[in-house]
Amino acid sequence: MATVIGPRTGTQKGHEAMSDDEAKVPRGRAWRAVALTLFPDMFPGSLGQSLAGQALEDGRWSLETVDIRGFARDKHRTVDDTPTGGGAGMVMRPDIVDLAVRDVKAGPSGDLPLIYMTPRGRPLTQDRVRALAKGPGVAVLCGRYEGVDQRVLDAHEAEEISIGDYVLSGGEVAALVLMDACVRLIPGVMGSGDSHAEESFEEGLLEYPLYTRPQNWEGRTVPEVLLSGHHANIRAWRCAEAEAITRERRPDLWKVYTASSGTPGRDEN
Ligand code: ADE
């Protein structure tokens, strides 16, 4: 039921799939992601590509899927039932989900925080991502249908996280988003010094606009200051742009930024 999506050797069944010294980075120290899902084939998905995929290959992080349906006990492999109290759709059964969670908790990933992806959760923030990326990893429960019975979430003290104010058809894509945001912060994954200092949210601001060559593209030129080589001016321009964009697009972030930096916005008073 547990499938390790591991370095070089591809997809393997069972916890014992790969020994620590086979991985380029020892498994014991690598960040771990576990997805509890009815659709294990949705993993690694985008995380098997590009830098995250290379880092997975290199053993800088590991990914395991746990097929919740494997814990169903009837011949139809039922995992859901109708909502108590009435209403549309189906709800994932607590007893089946519990077996899957217990299986993870009894194994080598038993120390990971359990996260349940749901639009009802607290919004995911870069601060939370940073904290999770610094920890041992995440075990992410992906809901389908209308969601998971609340009792099993309460019993296992699952942290409920949303990736935005819209409803996806299941938690898997949300889990991939959460894992992606964490994996790129693992040292060595992004390369080139791993600098995240100027990204959106690092200073509580959205990022300034980016440009590259050609200097003139279809009559659109890059801002003159960026060609000046004057680093202080470039920094000041980028800061002003980041502030202007944040103020316009994200009044919520802007409020926090101005309150915490103690300075009113440039053209505020
Ligand atoms: N599952 C469905 N929609 C979701 C969302 N917006 N965030 C997290 N999990 C979800």
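In this predicted model, the lining of the largest cavity is made up, by class, of six nonpolar, two polar and one charged residues. The residues concerned are Leu36, Val101, Val104, Lys105, Ser109, Gly110, Leu112, Leu114 and Ala139, and the largest share of this lining, three residues, is contributed by helix 2, which spans residues 94-106. The volume of the largest cavity is about 60 Å³, and a search of the whole structure returns two cavities of 30 Å³ or more.

Pockets, which are open sets rather than enclosed ones, were examined as well. The largest pocket has a volume of about 560 Å³ and is lined by 20 residues, among which Leu124, Thr125, Gln126, Phe201 and Leu253 lie nearest its centre. Two or more residues of that lining are given by each of helix 3 (126-134), helix 5 (171-183) and helix 7 (251-261). Divided by class, the lining of the largest pocket holds 11 nonpolar, five polar and four charged residues.

The second largest pocket encloses about 410 Å³ of space, and of the 26 residues that line it, Tyr116, Thr118, Pro119, Glu146 and Gly147 are the closest to its centre. Strand 7 provides the largest share of this lining, with five residues, while helix 4 (150-155), strand 9 and helix 5 are also among the elements that each supply at least two. The lining of the second largest pocket divides into 13 nonpolar, nine polar and four charged residues.

It is this second largest pocket that corresponds to the space taken by the ligand. The ligand is surrounded by Met117, Thr118, Pro119, Ile161, Ser162, Ile163, Gly164, Tyr166, Val167, Leu168, Gly170 and Ala174, a shell in which eight residues are nonpolar, four are polar and none is charged. Strand 7 (114-123) and strand 9 (159-162) each supply at least two residues of this shell, and strand 7, with three residues, gives the most.

Contacts between the ligand and the protein backbone were found at several residues of the shell, including Gly164, of which a backbone N or O atom lies 3.1 Å from a nitrogen atom of the ligand. A polar backbone atom of Tyr166 is 2.8 Å from a nitrogen atom of the ligand, and for Leu168 the corresponding distance, again between a polar backbone atom and a ligand nitrogen atom, is 3.0 Å. Taken alone, the ligand exposes 260 Å², of which 95% is buried by the protein.

Conventions: Residues numbered from 1 in each chain as written. Predicted model: local features only at pLDDT ≥ 70, side-chain atom pairs only at ≥ 80, totals over all residues. Heavy atoms only, no water. Near = heavy atom within 4 Å. Polar contact = N/O pair within 3.5 Å; in protein donor to acceptor, adjacent residues only side chain to side chain. Areas by Shrake-Rupley, 256 points an atom, 1.4 Å probe, with all protein chains shown as cover. 1 Å grid on protein atoms, 1.4 Å probe; cavity = no way out; pocket = protein on both sides within 12 Å on 5 of 7 lines; lining within 4 Å. Sits in = over half its atoms within 2 Å of the grid points. Helix = DSSP H or I, 4+ residues; strand = E, 2+ residues; numbered from the N terminus. Nonpolar A, V, L, I, M, F, W, Y, C, P; charged D, E, K, R; others polar. Points joined across faces, edges and corners; volume = space filled by probe spheres on them.
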